[in-house]
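Q: I should like to learn how to read a structural model one feature at a time. Could we begin with a local detail and then work outwards?

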Amino acid sequence: MFRTSDIVLIAVMVAAAAFTYKTKHEAEDHQVALRKIEQQIRFEEDTIDLLKADWSLLTQPSRLQKLWQTYEAELALQPLEANQIVGIDELPSKPLTIEDLSSQHLGGMADSRGAPSDGPDKIVTGGIVQ
Amino acid sequence: MISLLRRRRKQAEAGPASIVLEGSRKATGGKQKNRVLMMMAVFFGIYATIAGRLVYLGMLDPEESGPPASRVTASRPDIVDRNGEVLATDIKTASLFAEPRRIVDADEVIEKLSTVLPDIEVEQTYHKLKSGAGFVWLKRQLTPRQQNDIMQLGLPGIGFRTEKRRFYPAGPTAAHIVGLTNIDNQGISGLEKYIDDQGLADLQASGLAIAKDLRPVKLSIDLRVQHIVHDEITQALGRYHAIAAGAVVLNARTGEIVAMASVPDYDPNNPFNAHDKDRLNRMSAGVYEMGSTIKSFTTAMALDSGLANLESRFDASRPLRIGRFTIKDFHGKGRVLTLPEVFIYSSNIGSAKEADMVGIEGHREFLKRLGLLDRLRTELPEVATPTEPKEWKKVHSITISFGHGMSTTPLQTAVGAAALMTGRLLPPTFLPRSQAEAAEIGKQVVKESTVEQMRYLYELNATKGTGGSGTRAQVAGFRVGGKTGTAEKVVNGRYANDKRFNAFLAAFPMDDPQYVVLTIIDEPKPEKPGVGATSGLNAAPMLANIIRRSGVLLGVKPEFGHESGATVVSYQ
C-alpha cells in the first residue's frame, strides 16, 4: 500500500505544483502591472512632448508682441533703447555720501541737549554775536 | 490500485451473471445492431455538419471592419534654434473613428459625443453612423484631453487611431528655413529635407528612427531675431505696398545665418499655399539684379587691384556712351568725383570707370572669387543659380559694375559683403559654427587694406552730413555702415523707371563688423505721396528697425563714444 515515502513525494509534488502556479500567477500579475506602468510612461512622455510644444507656442515672440499690443495701456512697456544698455565697468561710481556726524549727541559738557533749543550755537570761531 | 481492480474483474468473470447477460444479448441482437448504426449515423451527421460549416467559414472573407491599415509615420528629430527654442516637433494626435455596424444606438452615441465635442454635426454624424459602413472617420486630430473624455464615455463601436504630425510652433516666422514635411513625415523642403538627406531617410526606411534616439537638430537661427526680421518685413510690405520683402542677418565672422525671412510666406501648419509662385523664399531661391549694392564689390575690386586708392578721381561730369547705351547718374553731380564720392553718391559713371580700369577678365574673376556668380552651397535645398552674360563684353562689365545685367541671390550678396567686411569668404550655414571652425574653412579673398578701406566707405555712406545715401539706416549706438541699391526692374525687356527692386546692404558695428544685414523690397510704392521710393527711403529704414530691435539680442554692445557720448545712466 502507501508507503510514507510515497505520501511525502506526493506532498512535495503537490506543493511544487502549487508553488509553480502561484509564481506564474504572480509573474503574470507583475507583467500586467509593468505593462500598465509602461503605458503610463508612454502617455506621460507624449504629454511632455505636447506640453513642450505648447510652451514654445505660448512663448512665441510673435504671440508676446501681440499680447503687448493688446495690453499696452496696462503694461506700459517700452522698447529697450540702445542707450539703456551699459556694461558694469561703465556704471558711474556711487555718489559719495558723508554721514552727518555733527548732529549726533555726544553727551558731556558740549552737548546742547536740554539747552534752549534755538539750534547750534551761532558763534563761530572768531565771530561775535551782536 | 490496479491490483484492486484486477481482483474485482476476476470476481465478475467468475460469477454466474455473465451467462444471463449473454442470453439476453442474443435475444435482442438485431435491434442492438440497428441502434449502433443509427447512433453512428447521427454522430457522423453532426460532425459532417460541423466540418462543413468550418470549411464554409474558412472560405468566407472576414467581415471588413476597423480602421484602414496603420500608416507608418516615421519619427523625426525636433528642430530647435540656437537657444533651444523649438521650431519643429512631432506631436501625436488621436483621430476618432466609428464602426457603424457595431454601434447599438446611434442616438445615444451622438448625444454622449456631443458632451465632449460640442461642435459635432449631429445630422451628418447620424447618417454616418446609420450608413452600415464598416468604418467612418468622425473627427481627425483631437486633443489628448478630448480623447480621454471620449474614452471615459465607454461607447462601443468607436475607437482611436494615433497619428504623428509635424508641428511648427513658430508658424510662418521661420517657415522658409525650417521647411515642410509631407503626409508621411518625410522632409520635402527647407532644412527638413536637408535632415532627410543626411541619412534620416535611410534610418526611417530601415525602421531604426526611434523617437527617443533622435537628437534635436540645432540651427544657427535665433528665434527672437528671426521674429524681429519677419515682423519688420511684414510691416514694410504693408507700409510700402510692395509685392515682396525680405531680409537676412548673417554673422560675418562665422558665416552663420542668424535670421532670414521672406514675405509673402505661408503657415507651415497649414501649407495649402506653400507652393504658390510668389511665396518662394526670395532670399535664396530668387535671383535679382541687385542694383547699386553691387557697387560695393566694384569699389572693393578697384581698391583690391591696387589700381585705385581712396584718392583716385573719376570723371563723372558727362554721361558715358558705350555703343547704343548711355550711362547716367541718378544723383548726378556733374563733376569729377573721388572714389569715396563715387561710392556715397552711388555714381554709375564712376563705377563703370572703376570696372573699366580693372578690365573685363579681372572683373569677372573678382565676382567669381566672392562667390557671386556660382550657385551657393548651403544646407537649404532651395537655392537659385545666379545668371550672368554668356560672354562678357565691355558693356556687360560696365552694367554689372552698377548691378545690372547680372542676377544673383540676395543671400549670396550678403555673404559676399561679409567677405568684404572681414576679408574671408565663408560659405553660409544654418547650423551652428564656431569661430575656430570658421577660421579653418574661411579663405582670404581680399587684402586686409581693402577690408579697412571698405569699412571706412560703408561707415562714411551711413554717416550724417556726408550726403551718403544710407544715412537713414543709422542706428544710434550700433555704428551701422552700408550701401543702398535701387535697381530698375525689367518689364517687357526694358528697364521700367517706376518699378524698382530696392536693397540695403549693411554691416555693424563698423569698427569691427560682426553682422551683415541685407534687406530687400520688391516694387515699393512711396509711403506718402510726393516722397520717393528709392532704397534709402524704404530698405534703409527697414534695416535700421531690424538693427535697433535686434542689436542687443545679437550681443553687440551699443557704444556712443564717438557720437553723443551720452547714455541714460550718465544723466542720473
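Q: Which residue takes a positive phi in the hairpin of strand 6 and strand 7 of chain B?
A: The model is a predicted one, and the turn of a hairpin is a convenient place to start. In this hairpin 5 residues lie between the strands, and Gly255(B) takes a positive phi near 80 degrees. The two strands, of which strand 6 of chain B spans residues 244-251, run antiparallel and are joined by 6 bridges. One bridge pairs Leu250(B) with Ile257(B) in strand 7 of chain B.

Q: In what order do the strands of the open sheet in chain B lie, and how are they paired?
A: One follows the pairing from strand to strand. Here 5 strands of chain B give the order 7-6-16-15-14, with antiparallel pairing. Strand 7 and strand 14 (481-491) of chain B each have a single partner strand and stand at the edges, so one side of each lacks a neighbour in the sheet. From one strand to the next, the twist averages 15 degrees. Within the sheet, strand 15 (residues 494-508) and strand 16 (residues 515-522) of chain B run antiparallel and are joined by 8 bridges. Ala506(B) stands opposite Val517(B) of strand 16 of chain B.

Q: Which strands of the sheet does helix 18 of chain B touch?
A: Packing is read from contacts, and orientation from the angle between directions. Helix 18 (residues 448-461) of chain B packs on the sheet by touching strand 14 and strand 15 of chain B, and its direction makes about 75 degrees with that of strand 14 of chain B. Helix 19 (residues 535-550) of chain B lies across strand 6, strand 14, strand 15 and strand 16 of chain B, and runs at about 25 degrees to strand 15 of chain B.

Q: How many residues of strand 7 of chain B are buried?
A: A strand is judged by counting its buried residues. In strand 7 (residues 257-263) of chain B, 7 of the 7 are buried, so this strand is largely enclosed by the rest of the structure. For chain B as a whole, 43% of the 572 residues count as buried.

Q: Which residues touch the most other members of the largest nonpolar core?
A: In soluble globular proteins, nonpolar side chains tend to be buried together. The largest nonpolar core here has 116 residues, and Leu250(B), Val516(B) and Leu543(B) touch the most other members. Helix 16 (residues 410-422) of chain B gives the most to this core, with 8 residues. Leaving aside residues up to four places away in sequence, Leu250(B) touches residues including Ile257(B), Ala414(B), Ala418(B) and Val516(B). Another core, of 9 residues, lies apart from the largest one and includes Leu96(B), Val109(B) and Ile158(B).

Q: Which residues of helix 4 of chain B are buried?
A: The directions of buried residues around the axis show whether a helix has a buried side. In helix 4 (residues 106-116) of chain B, Val109(B), Ile110(B) and Leu113(B) are buried. They cover an arc of only 95 degrees, which puts them on the same side of the helix. Asp107(B), Glu108(B), Glu111(B) and Thr115(B) are exposed on the face turned away from that side. The buried residues pack against helix 5 (122-130), helix 6 (144-153) and strand 4 (158-167) of chain B.

Q: How many residues of chain A are in contact with chain B?
A: An interface is read by counting residues on each side. Here 22 residues of chain A contact 29 residues of chain B. Helix 1 of chain A gives the most to its side, with 8 residues. By class, that side has 11 nonpolar, 8 polar and 3 charged residues.

Notes: Residues are numbered from 1 along each chain as its sequence is written. Chains are lettered from A and ligands numbered from 1 in the order in which they are written. This is a predicted model: local features need pLDDT of at least 70, side-chain atom pairs count only at pLDDT 80 or more; totals for chains, interfaces and linings use all residues. A residue is buried if 20 or more other C-beta atoms lie within 10 Å of its own, exposed if 12 or fewer, and partly exposed in between; C-beta atoms are placed from the backbone. Helices (H or I, at least four residues) and strands (E, at least two) are DSSP runs, numbered from the N terminus. Two strands pair if DSSP finds at least two bridges between them. A nonpolar core is a set of buried Ala, Val, Leu, Ile, Met, Phe, Trp, Tyr and Cys residues joined through C-beta atoms within 7 Å. Two residues are in contact if their C-beta atoms, placed from the backbone, lie within 7 Å. Ala, Val, Leu, Ile, Met, Phe, Trp, Tyr, Cys and Pro count as nonpolar, Asp, Glu, Lys and Arg as charged, and the others, Gly among them, as polar. The arc is that of the directions from the helix axis to the C-beta atoms. Axes are lines fitted to C-alpha atoms, for helices over the stretch in contact, and angles run from 0 to 180 degrees between N-to-C directions.
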